[in-house]
Amino acid sequence: MPESSSFSSSRSIVLKIGGLLVLCGALALLFFPRLAPPSGLWWATAWNALHFPGFVLITVGLERVLSLGKGRRSWRIAAAVLLALVIAVGSEIAQGFVGRSASLGDVFFDTIGIAFATIVLVFGPRWKRRGRLLAAGAGVLVVLVLLTPGWKGMVATAQYREVFPDLAMFSRSISLGRWQVQGNATLYLDTEAETLTVAVGKGIYSGVSCYPGEADWSAYSEGALNLVIENPSEEEFQLGIRIDDDSPLASRYEHRFNGQKQIAPGRNELRLPLSRIADGPIDRKLDLSRIKRLALFTGREEAERVFVVVSAFLD
């Protein structure tokens, strides 16, 4: 066998094995129970942005694995894209059963990654050095765009610290840098009325997450978290309230504060003593000086559910 042919064969085997290993690693990150990013809005944004390069790798890895068999390359690419889409949707559904939150936003980022990988797989072999550099630059640009909420969050942090202990700050559009969608929900900010409307779609555990600009709530340890929630419908519903500190343990249900409140039609004023919040975890104290996240969400919904966050503050 000619030396060049042997090298080409060895390179092909290495690429296929590499594709399989990358695929397994990416799938493990998607399905691993209760996997959580490091603390902070910036890290949370970066974690979400990883869905783009992750699904580029998953799609390319699937095509490499499928190349172990026979068949036209165009069919392998089509099969890889279809399987990647199934994984994107299936992983979000599965995450609801392993202690993580499903998100349509994640599926959107996944789809961008799959589309980018498809372009690379179809046209990549024809590109010369300049085309590859342009593709790499486009990939970096997409990641930077996906990181935009993190930059906005950093700006919002400085402004939030000026108005703390007010957690809402709905009079300014920058508040959406700290109040973000959770799961299948849509947010509508009314800066004149100073309210945030949360429209929850079908699914489970959807709502809104607040990443406070000031993490240290310990000065209010003898006080309470106050929430004013309006329910525009004529039926009551149960609102879940979750509060995490920045401990890695907080990704687990028993290691964070979990509360529930019945929300009647009309205006509801909720008061949660911080001492009770600190005692929320089963086998430890929640660190009130390092609060990471406040989440408000509903249970399983078969139709749209709307609630309005009027205010959120400490006293």
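1. Is Met 169 buried or exposed? At 3% relative accessibility, Met 169 counts as buried. I'd start there, since the backbone at this spot deserves a look too: phi of Met 169 is positive, about 55°, and the residue is not a glycine. You'll find Met 169 in the loop between H7 and E1. Keep in mind while reading that this is a predicted model.

2. That loop has another item to check. Phe 164 and Pro 165 are joined by a cis peptide bond, with omega at about 20°. Pro 165 sits in the loop between helix H7 (148-163) and E1. As background, most peptide bonds are trans, and most residues other than glycine have a negative phi.

3. Tyr 205 goes on the backbone list as well. Phi of Tyr 205 is near 60°, again a positive value in a residue other than glycine. The residue belongs to the loop between strand E3 (195-200) and strand E4 (207-210). As for cover, Tyr 205 is partly exposed, with a relative accessible area of 38%, whereas Met 169 is buried at 3% relative accessibility.

4. Now the overall picture. The chain contains eight helices and ten strands. Of its 315 residues, 43% are buried. Take the contacts between residues at least 6 apart in sequence: 71% of them join residues at least 24 apart. The exposed area of the chain is about 16,500 Å², and carbon and sulfur atoms supply 61% of that.

5. On to the sheets. One is an open sheet of five strands, ordered E1-E4-E9-E6-E7, with antiparallel pairing. Its edges are strand E1 (179-182) and strand E7 (257-263); each has a single partner strand, so one side of each is left without a neighbour in the sheet. On average, and ignoring direction, neighbouring strands of this sheet are turned by 20° against each other. If you want a register to verify, try strand E6 (residues 237-245), which pairs with E7 in the antiparallel sense over seven bridges. There, Leu 239 has Lys 261 in E7 as its bridge partner.

6. Another open sheet is also built from five strands, in the order E2-E3-E10-E5-E8, and its pairing is antiparallel. Strand E2 (185-190) and strand E8 (266-273) are the edge strands here; with a single partner strand each, they have one side left without a neighbour in the sheet. The average turn between neighbouring strands of this sheet is 25°, direction ignored. Inside the sheet, E3 and E10 pair in the antiparallel sense over five bridges. Val 198 is matched with Phe 307 in E10 as its bridge partner.

7. What about charged pairs? The count comes to ten salt bridges. Which residues are linked in a network of salt bridges? Glu 63, Arg 64 and Arg 76 are. Glu 63 forms a salt bridge with Arg 64, with the closest N and O atoms 3.2 Å apart. Both of these residues are buried. Glu 63 also forms a salt bridge with Arg 76, where the closest N and O atoms are 3.3 Å apart. This second pair links distant parts of the chain, with Glu 63 in helix H3 (residues 51-66) and Arg 76 in helix H4 (residues 73-95), 13 residues apart. Arg 76 is buried, as is Glu 63. If you plan to assign protonation states, this is the group I'd open in the viewer.

8. One more salt bridge is worth a stop: the side chains of Glu 235 and Arg 305 meet at 3.3 Å, N to O. The two are 70 residues apart and link distant parts of the chain, Glu 235 being in the loop between strand E5 (224-231) and E6, and Arg 305 in strand E10 (residues 305-314). Their surroundings contrast. Glu 235 is partly exposed, with a relative accessible area of 47%, while Arg 305 counts as buried at 13% relative accessibility. E10 is also the strand that pairs with E3 in the antiparallel sense.

9. Last, the surface. Ile 119, Val 122 and Phe 123 make a nonpolar surface patch of about 230 Å². Phe 123 is found in helix H5 (residues 104-123). With a relative accessible area of 39%, Phe 123 is partly exposed.

Technical notes: Residues are numbered from 1 along each chain as its sequence is written. This is a predicted model: local features need pLDDT of at least 70, side-chain atom pairs count only at pLDDT 80 or more; totals for chains, interfaces and linings use all residues. Side-chain values use heavy atoms; hydrogens and water are left out. Two strands pair if DSSP finds at least two bridges between them. Helices (H or I, at least four residues) and strands (E, at least two) are DSSP runs, numbered from the N terminus. Axes are lines fitted to C-alpha atoms, for helices over the stretch in contact, and angles run from 0 to 180 degrees between N-to-C directions. Buried means under 20% relative accessible area, exposed over 50%, partly exposed in between (1.4 Å probe, protein chains only). Contact means heavy atoms within 4.5 Å. Accessible areas come from the Shrake-Rupley method with a 1.4 Å probe; for residues, only the protein chains shown count as cover. Patches are made of residues with over 30% relative accessible area and no salt bridge: like charges are joined within 9 Å, nonpolar side chains (Val, Leu, Ile, Met, Phe, Trp, Tyr) within 5 Å. A salt bridge is a side-chain nitrogen of Lys or Arg within 4 Å of a carboxyl oxygen of Asp or Glu.
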